[in-house]
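Hi,

Here is the structure I promised to pass on. Have a look at it first, and then read my notes underneath.

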2 protein chains.
Amino acid sequence: MPGRSPRASSRDAILRVFAEHVADRGYADTSLGDVAAELNLSKGTIVHHFGTKEALLREVHVAYFARRFAEADFVHAHLADPVSRLVAMVYALLAAHRDDRAASLACLRELVRYFDGDLTDYVRKQRVRYTEIVVDILRAGVGRGLLRTPDPQMTALQVFGMCNYAWTWYRPDGPQSVEDIARLFAHNVLAGLVTPSGDDRELDVLITEAIETVRKAPGRSAAGAPEGGNPAEPVPTAP
Amino acid sequence: MPGRSPRASSRDAILRVFAEHVADRGYADTSLGDVAAELNLSKGTIVHHFGTKEALLREVHVAYFARRFAEADFVHAHLADPVSRLVAMVYALLAAHRDDRAASLACLRELVRYFDGDLTDYVRKQRVRYTEIVVDILRAGVGRGLLRTPDPQMTALQVFGMCNYAWTWYRPDGPQSVEDIARLFAHNVLAGLVTPSGDDRELDVLITEAIETVRKAPGRSAAGAPEGGNPAEPVPTAP
DNA sequence: CTTAACTGACCGCTCGTACGGTCAGCAACA
DNA sequence: TGTTGCTGACCGTACGAGCGGTCAGTTAAG
């Protein structure tokens, strides 16, 4: 079938199918030949449109971030309260798993591909910028006395983690809707898991003790591995 | 250098270097030839010891989980309080990023490779079992009135997410120690981010409103994508 | 005619795996 | 003690599949 439909470029379709393949198999295991075959196109056509495989991934990434930033802008415009904004970001991140599945998974899976300069640092900057949005929300919340955290940057990473990790377990046909999950996550993050006792110092003592206990656990790293930390004095296995 | 050292098998060394490569590059981009070269071995030697590349990954995975389970048992044996146990698990998961780096990253990166039956479901079962440990801790905490969450299963996934996602940003030479990070994460999860106001119902209303706002945002999914949800109907606030 | 989408044969390369063969160590036996 | 034979770690080559990417040419819309 030559020529194809009237003047219709397959660019978008290629981008879409490519993102789906990366989402399902990962970048390295995605073959341009397979993508082409699924669209009844030639491999050469993909190269014609995008040049290289890497460029394809970059386009997926850029488009994905454009959507996320637009979303974040919408949140900023329609919600004034930092707490509401934080909740909205949590929901947005989770909802992208359902409503923007292919691109979300593709980007989250291949996140690390951008660490070592394989691709432009443009993407890396987008990522930092996106993180900064949440950090700013947290800082604003702390500033107004609505939120509390000694380290907004680290806390933002915590929030990102619980949302972004969802790609490893979230299934659209699962028992809970994204809205249910977001509500639960938001509530847990805001109100905490512990039943209020008023004594915050007691909590810190408990945390420190738990950490110290784990530090005494034996055989926590691979044998022969030249891993760094945890010199952990020769501690007896305790009574 | 043929013959090598007297009767010393290179099995462990291969396993170690392989895990490092997978941690740094991902499974698909890890070449047995490179691993062999780094150890001054022949590619054939690796095959001789392990048979296939997949078998190597499985061994890394199995050993990693053995260490995590031993750690979890230690926690169970040395801490009685569910809250302490939860904190300990958070710390253990984070500390593995430093103390068991190669295996942790290798397993977290290639987590998804086990979804589609590429490998034995033995690993999948290990994963479920590990999740169950945290779920049980949460359930025990709720049962004793120490913790509160309507969905321990989902909350466990939330906790896993914030810890496991650390592989994307944690660097051993970063400004904060694993202990600092664990303390912060644990405190946030337990005590919550919001400054106590006593009014829990108000929080739920706020959450629902934030979610509804995001649902109205335009262009949140890729164009032409046959994505499922979000018909933007009013969602019941749920009781 | 010009232009751009598109084809399909093709190249060079890398990778996992297969396989025949080498050699050191060790145990049994004469 | 000397020899013999087995075991298993290890090597080197070769192979076949699959990959990303190239390119000269075809088709059809403007």
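Below is what I found in it, starting with how far to trust the model.

This is a predicted model, so a word on confidence comes first. Chain A has an average pLDDT of 87, and 87% of its residues reach at least 70. There are two stretches of chain A to be careful with. Over residues 1–7 the pLDDT stays under 50, and the model gives that stretch one contact beyond four places in sequence. Residues 226–239 also stay under 50, though here the model has 14 contacts beyond four places in sequence. Where pLDDT is low, the predicted coordinates should not be read in detail.

Now the two chains. How does chain A map onto chain B? A turn of 180° with a shift of 0.0 Å along the axis lays chain A on chain B, with an RMSD of 0.1 Å. The two copies are therefore related as by a two-fold rotation axis. If you want to find that axis on screen, go to A:G192: in chain A its C-alpha is the nearest to the axis, 1.8 Å from it.

Next, the interface. On each side 89 residues take part: 89 of chain A are in contact with 89 of chain B. On the chain A side, the helices that each supply at least two residues are α1, α4 (53–78), α5 (82–99), α6, α8 (152–164), α9 and α10 (200–215). Which of them gives the most? That is α9(A), with twelve residues. By type, the side of chain A that touches chain B divides into 49 nonpolar, 22 polar and 18 charged residues. Of the interface residues of chain A, 99% are also interface residues in chain B, so the copies meet through the same surface.

One helix pair across the interface is worth zooming in on. Helix α9 of chain A (residues 178–191) packs against helix α8 of chain B (residues 152–164) at an angle of about 65°, and their axes are 10 Å apart. That angle makes α9(A) and α8(B) roughly perpendicular to each other, and their crossing is right-handed. From α9(A), the contact uses A:I181, A:L184, A:F185 and A:N188, while α8(B) brings B:M154, B:T155 and B:Q158. Sorted by type, the residues of this contact are four nonpolar, three polar and no charged.

You can look at the other pairing as well, α8(A) with α9(B). Again the angle is about 65° and the axes are 10 Å apart, and α8(A) passes α9(B) in a right-handed crossing. Here A:M154, A:T155 and A:Q158 of α8(A) meet B:I181, B:L184, B:F185 and B:N188 of α9(B).

Finally, a helix pair inside chain A. Helix α1 (residues 11–25) and helix α6 (residues 101–109) have axes that come within 8 Å and cross at roughly 50°. This makes α1(A) oblique to α6(A), and the crossing is left-handed. On α1(A) the contact residues are A:R16, A:A19, A:E20, A:V22 and A:A23; on α6(A) they are A:R101, A:A102, A:A103, A:L105, A:A106 and A:R109. What kinds of residue make up this contact of α1(A) with α6(A)? Seven are nonpolar, none polar and four charged.

Over to you, and enjoy exploring.

Technical notes
Residues are numbered from 1 along each chain as its sequence is written. Chains are lettered from A and ligands numbered from 1 in the order in which they are written. This is a predicted model: local features need pLDDT of at least 70, side-chain atom pairs count only at pLDDT 80 or more; totals for chains, interfaces and linings use all residues. Copies are superposed by least squares on the C-alpha atoms of residues with pLDDT of at least 70 in both. Two residues are in contact if their C-beta atoms, placed from the backbone, lie within 7 Å. Axes are lines fitted to C-alpha atoms, for helices over the stretch in contact, and angles run from 0 to 180 degrees between N-to-C directions. Helices (H or I, at least four residues) and strands (E, at least two) are DSSP runs, numbered from the N terminus. Angles under 35 degrees count as roughly parallel, over 145 as roughly antiparallel, 65 to 115 as roughly perpendicular and the rest as oblique. A crossing is left-handed if the near helix is turned anticlockwise from the far one by less than a right angle, and right-handed if clockwise. Ala, Val, Leu, Ile, Met, Phe, Trp, Tyr, Cys and Pro count as nonpolar, Asp, Glu, Lys and Arg as charged, and the others, Gly among them, as polar. pLDDT is the predictor's confidence in each residue, from 0 to 100.
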